Structure formats: C-alpha cells, structure tokens
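Subject: The structure I promised you

Hi,

Here is the structure I said I would pass on. Please open it alongside this message, and I will go through what I found below.

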Amino acid sequence: MSRADVLDWMRIAGYHADMRTFLRLYTENRISKRVADEAYRTGTRQKLAGMRCMCHECTKAPTSTTTGEPEK
Ligand SMILES: [Zn+2]
C-alpha cells in the first residue's frame with residue numbers, strides 16, 4: 001500500500017469508528033501519529049457530516065457480510 005492508500009484506510013477507519021483497524025494500520029506503516037490522527041478525525045467528521053463512505057465494504061452489495069477489514 002502507498003502512503004496515500006494507508007491514509008485513506010485510516011480515514012475510513014475513522015468513519016467507521018474502527019480504532020482496531022486504525023491502530024493496526026498505524027503499527028504496520030510508517031505514518032506519523034499526528035498525520036494518522038488527523039486522517040482518523042477527518043473520517044469521523046465525514047461520518048458526522050452525513051457523507052457517504054466510499055470504502056469497499058460500503059459500496060459492495062448490501063447483502064454481503066461486513067468485516068470492517070480493509071483489503072491488502
Ligand atoms: Zn465504509
């Protein structure tokens with residue numbers, strides 16, 4: 001994953017209030033805490049603003065189970 005991809009996933013984790021995924025991304029990638037936290041907060045703000053999530057889990061067929069895990 002590129003750095004931009006990681007930040008996208010961190011934002012999506014924030015959108016889903018998925019701290020577990022966020023911490024895993026933070027642990028596995030060399031992203032500064034400040035930048036990582038900002039990406040998470042951006043996702044939280046987008047959720048509160050009623051924005052539609054564009055992540056794989058939210059855009060695929062609604063009958064599928066949701067794991068909250070981003071794909072590698
Ligand atoms: Zn989503």
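Let me start with a single residue. Ala 39 counts as buried because 22 C-beta neighbours lie inside 10 Å of it, and the threshold for that label is 20 or more. Please keep in mind throughout that this is a predicted model.

Ala 39 sits in helix 3. If you leave aside neighbours within four places in sequence, Ala 39 is in contact with Leu 7, Met 10, Arg 11 and Gly 14. You can also look across from Ala 39 to Val 6: these two are 33 residues apart along the chain, and their C-alpha atoms are separated by 9.5 Å.

Now for the overall layout. The protein has four helices and zero strands, so to speak a plain α-α-α-α pattern when read along the sequence. Of its 72 residues, 25% are buried. Among contacts between residues at least 6 apart in sequence, 70% join residues at least 24 apart.

Back to helix 3, which is where Ala 39 took us. Helix 3 has 16 residues and spans 22 Å from its first C-alpha to its last, close to the 22 Å expected at 1.5 Å a residue. Its buried residues are Ala 36, Ala 39, Tyr 40 and Gly 43. They are on the same side of helix 3, because the arc they cover around the axis is only 95 degrees. As a reminder of the geometry, an α-helix has 3.6 residues a turn, so residues three or four places apart point the same way. The buried residues of helix 3 pack against helix 1 and helix 2, while the face turned away from that buried side carries the exposed residues Arg 34 and Leu 48. Just after helix 3, have a look at Gly 50, which takes a positive phi of about 80 degrees.

Helix 2 can be read in a similar spirit. Which of its residues are buried? They are Phe 22, Leu 25 and Tyr 26. Viewed down the axis of helix 2, these buried residues fall within an arc of 100 degrees, so they line one face of the helix. They pack against helix 1 and helix 3. On the face of helix 2 turned away from the buried side you will find the exposed residues Arg 20, Thr 27 and Glu 28.

Next, the core. The largest nonpolar core has 13 residues, and those with the most contacts inside it are Trp 9, Met 10, Ala 13, Phe 22, Leu 25 and Tyr 40. Helix 1, helix 2 (19-28) and helix 3 (33-48) are the elements that give two or more residues to this core. Helix 1 gives the most, with seven residues.

One last residue for you to zoom in on is Tyr 15, which lies in helix 1 (residues 3-15). Tyr 15 is buried because 22 other C-beta atoms lie within 10 Å, against a cut-off of 20 or more. Not counting residues up to four places away in sequence, Tyr 15 touches Gly 43, Thr 44, Gln 46, Lys 47 and Cys 53. Its C-alpha atom and that of Gly 43 are separated by 4.1 Å, although the two residues are 28 apart along the chain. Gly 43 is also one of the buried residues of helix 3.

Happy to talk it over whenever suits you.

Best wishes

Methods
Residues numbered from 1 in each chain as written. Predicted model: local features only at pLDDT ≥ 70, side-chain atom pairs only at ≥ 80, totals over all residues. Buried ≥ 20, exposed ≤ 12 C-beta atoms within 10 Å, placed from the backbone. Contact = placed C-beta atoms within 7 Å. Core = buried A, V, L, I, M, F, W, Y, C linked by C-beta atoms within 7 Å. Expected span 1.5 Å × (residues − 1). Arc of directions from axis to C-beta.
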